[in-house]
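Work through the following exercises with the sequence and the coordinates side by side. Each task sentence is followed by a solution that goes step by step.

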Amino acid sequence: MVPFTKVGRYQLITRVAMGGMAEVYLARHGELTGFKTVVVLKKVLPHLAANPDFISMFLDEARIASRLDHPHVVRIFEVGRADNEFFLTMEVVQGMPLNKLVRYHQETETLVDQRLASMIIAHAAAGLHHAHGLINSDGTSMSLVHRDVSPQNILVSFEGSVKVIDFGIARALGRLTNTGAGGAKGKLSYMSPEQAKTEEIDARTDIFALGVVLWETICARRLFSRENDLGTMQALLYDPIPPPSEVIEVAPPLERIVMKALSRDPDGRYKTAQEMQLALERYIVQAGGASTAHLARLMKDSFPDEQARWQDMVRTALEVDDPSSIAVIQEQPSSMETESGATSAQLPSARQKMMVRRRWVTIAVAIGVVGLVILIGSLLLSPRAVPVVEPTVRPQVMPRVMPLPAPVRPVPRPTPPPAATVPPPRTEEPKAPAPAPSKIKRPKSAPVPTHRTPASNPKPAPSILDRRPNPF
């Protein structure tokens with residue numbers, strides 16, 4: 001029996017993703033069968049775990065992030081350490097990151113409904129406002145800033161909920177960047193100008209990032225991203241920011257919201273994330289309204305296979321009792337890796353199989369299906385050869401069958417003798433009328449033939465009767 005790989009009290013089921021900061025696993029804990037809790041476990045990568053400054057800040061900020069309690073922020077359950085491995089656990093969000101939704105619409109050459117895009121950003125703004133307002137026990141503000149707001153860190157579930165993730169690691173990496181050289185700096189194409197210039201930042205830097213995300217979501221294209229970091233920095237700091245109306249048709253109120261959030265001057269932006277949230281909600285109402293039901297339908301229609309995989313993955317993690325039946329994948333990274341850190345809602349790869357038994361059943365079924373296809377193909381091909389021959393044979397067989405009734409005429413053969421006897425009288429009758437005209441010319445000498453007929457043969461009487469019609 002292959003034992004579970006464990007981190008602390010958590011049993012790792014399968015790896016969901018791997019990024020530059022952490023590995024993400026689907027894990028569970030609980031001793032009683034049928035009473036298991038499934039969580040997402042994020043484990044810090046070894047090269048960062050060996051940095052004491054990073055670990056100190058990570059644990060500090062992760063503990064702060066674990067105090068966040070909002071419907072639009074992913075809930076962190078525990079921050080811990082086990083055998084020199086630092087980790088945190090959070091709630092499972094069965095959904096997709098926003099960048100996957102934008103990419104789907106890019107590939108299908110469609111656009112996200114502007115009301116739904118606005119609702120996603122409004123919910124994310126609500127979660128960020130809650131984090132920005134977090135206070136200490138003494139009533140002072142914690143000045144918590146996410147610093148890494150991006151489509152990868154905004155999750156949209158298949159039920160229409162929106163959640164912001166990665167407060168702890170993003171904040172810790174930001175602080176590490178300011179104190180040490182060569183630290184991670186987040187995603188340059190979503191930074192505010194002041195953050196890119198390493199100036200003092202506040203909550204308004206997250207508002208600028210939200211404006212970039214909103215612009216890209218409604219336009220289905222990147223705003224500042226260029227071929228290299230130098231080009232991206234140039235576009236971020238100096239190039240004119242194009243309004244969405246230069247790319248697509250957009251409602252003027254929504255465009256004003258986007259451009260205000262994208263102001264390079266922090267004073268020109270919304271003062272709080274809640275102010276931006278309320279502006280977006282007013283636009284949604286004016287545009288006809290939208291609800292989480294509409295957003296859920298969009299996600300389910302866009303990612304039906306991914307939803308089925310998530311449901312199967314979580315159901316198996318809850319129900320499986322035999323550790324040997326689970327394939328714990330640790331050696332190879334998931335195909336769902338992203339340029340940013342791994343997230344709790346990144347889709348598990350289809351290549352990752354959770355049960356060895358199911359894998360073999362799948363192979364057996366595939367072999368059976370291939371055999372069945374071959375059998376059906378052979379059956380379909382054989383009848384096709386017969387119709388090609390039949391049309392050429394049937395015309396030859398029909399003439400052979402038709403003559404067969406002729407020789408089988410036992411009755412027609414006796415009939416020919418009467419047919420032979422019948423023709424003579426028919427031939428003689430036409431000869432008899434030939435002399436008749438000479439006799440007809442003698443109507444007055446009728447007594448002579450009457451004396452001859454009784455003496456020679458009594459049969460001339462019918463001939464006389466036959467001559468009656470001749471007068472005309």
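Contact here means that heavy atoms lie within 4.5 Å. The structure is a predicted model, and its chain has 18 helices and nine strands. Of the 472 residues of the chain, 43% count as buried, and residues 24 or more positions apart account for 70% of the contacts in the chain with a separation of 6 or more.

**Exercise 1. Locate A296, decide whether A296 is buried or exposed, and list what A296 touches beyond its sequence neighbours.**

Step 1: A296 is found in helix α11. Step 2: the relative accessible area of A296 is 8%, and the cut-off for buried is under 20%, so A296 counts as buried. Step 3: once residues up to four places away in sequence are set aside, A296 touches F158, E159 and G160. Step 4: for G160, which is 136 residues from A296 along the chain, the separation of the two C-alpha atoms is 4.0 Å.

**Exercise 2. Describe how helix α3 and helix α11 meet, and sort the residues of the contact by character.**

Step 1: fix the geometry, in which the axes of α3 (residues 98–107) and α11 (residues 292–302) come within 11 Å and cross at roughly 65°. Step 2: assign the hand, which is left-handed for α3 passing α11. Step 3: identify the residues, namely L101, Y104 and H105 on the side of α3, and L298, M299, D301 and S302 on the side of α11. Step 4: sort these residues of the contact, which gives four nonpolar, two polar and one charged.

**Exercise 3. Characterise the aromatic pairs Y10 with F87 and Y104 with F303, and state which parts of the chain each pair ties together.**

Step 1: a search of the whole structure finds three aromatic pairs, among them the pair of Y10 and F87, whose ring centres are 6.0 Å apart with 75° between the planes. Since planes over 60 degrees apart count as edge-to-face, this pair of Y10 and F87 is edge-to-face. Step 2: Y10 lies in strand β2 (residues 10–18) and F87 in strand β6 (residues 85–90), so the pair ties together parts that are 77 residues apart in sequence; both Y10 and F87 are buried.

Step 3: turn to Y104 and F303, a tilted pair with 5.7 Å centre to centre and 55° between the planes. Y104 lies in helix α3, whereas F303 lies in the loop between α11 and α12 (304–319), so this pair ties together parts that are 199 residues apart in sequence. Step 4: compare the accessibility of the two partners: Y104 counts as partly exposed at 27% relative accessibility, while F303 is buried with a relative accessible area of 6%.

**Exercise 4. Find the residues with the most contacts inside the largest nonpolar core, and examine the surroundings of I218.**

Step 1: the largest nonpolar core has 95 residues, and I120, I121, F167, L210, I218 and M276 are those with the most contacts inside it. Step 2: apart from neighbours within four places in sequence, I218 is in contact with L111, Q114, A117, P244, I248, V250, L254 and V258. Step 3: note a second, separate core of nine residues, which includes Y25, A27, V39 and F87.

**Exercise 5. Place Y190 and V145 in the fold, and relate each to a residue remote in sequence.**

Step 1: Y190 is found in the loop between α5 (167–179) and α6, and Y190 counts as buried at 6% relative accessibility. Step 2: with neighbours within four places left aside, the contacts of Y190 include V149, S150 and P151, as well as A209, V212, V213, E216 and R222. The C-alpha atoms of Y190 and S150, which are 40 residues apart along the chain, are separated by 6.3 Å.

Step 3: V145 is found in the loop between α4 (114–132) and β8 (154–157) and is buried, with a relative accessible area of 5%. From C-alpha to C-alpha, V145 and T205 are 8.1 Å apart in space, and they are 60 residues apart in sequence.

**Exercise 6. Determine where D83 and T198 lie, and whether D83 and T198 are buried or exposed.**

Step 1: D83, a residue other than glycine, has a positive phi near 55° and has its place in the loop between β5 (76–82) and β6. Step 2: at 72% relative accessibility, D83 counts as exposed. Step 3: T198 likewise has a positive phi, near 55°, and is found in the loop between α6 (193–196) and α7 (204–219). Step 4: with a relative accessible area of 61%, T198 is exposed.

How values were computed:
Residues are numbered from 1 along each chain as its sequence is written. This is a predicted model: local features need pLDDT of at least 70, side-chain atom pairs count only at pLDDT 80 or more; totals for chains, interfaces and linings use all residues. Side-chain values use heavy atoms; hydrogens and water are left out. Axes are lines fitted to C-alpha atoms, for helices over the stretch in contact, and angles run from 0 to 180 degrees between N-to-C directions. Helices (H or I, at least four residues) and strands (E, at least two) are DSSP runs, numbered from the N terminus. A crossing is left-handed if the near helix is turned anticlockwise from the far one by less than a right angle, and right-handed if clockwise. Ala, Val, Leu, Ile, Met, Phe, Trp, Tyr, Cys and Pro count as nonpolar, Asp, Glu, Lys and Arg as charged, and the others, Gly among them, as polar. Rings of Phe, Tyr and Trp (its six-membered ring) pair if their centres lie within 6.5 Å; planes under 30 degrees apart count as stacked, over 60 as edge-to-face and the rest as tilted. Buried means under 20% relative accessible area, exposed over 50%, partly exposed in between (1.4 Å probe, protein chains only). A nonpolar core is a set of buried Ala, Val, Leu, Ile, Met, Phe, Trp, Tyr and Cys residues joined through side-chain atoms within 4.5 Å.
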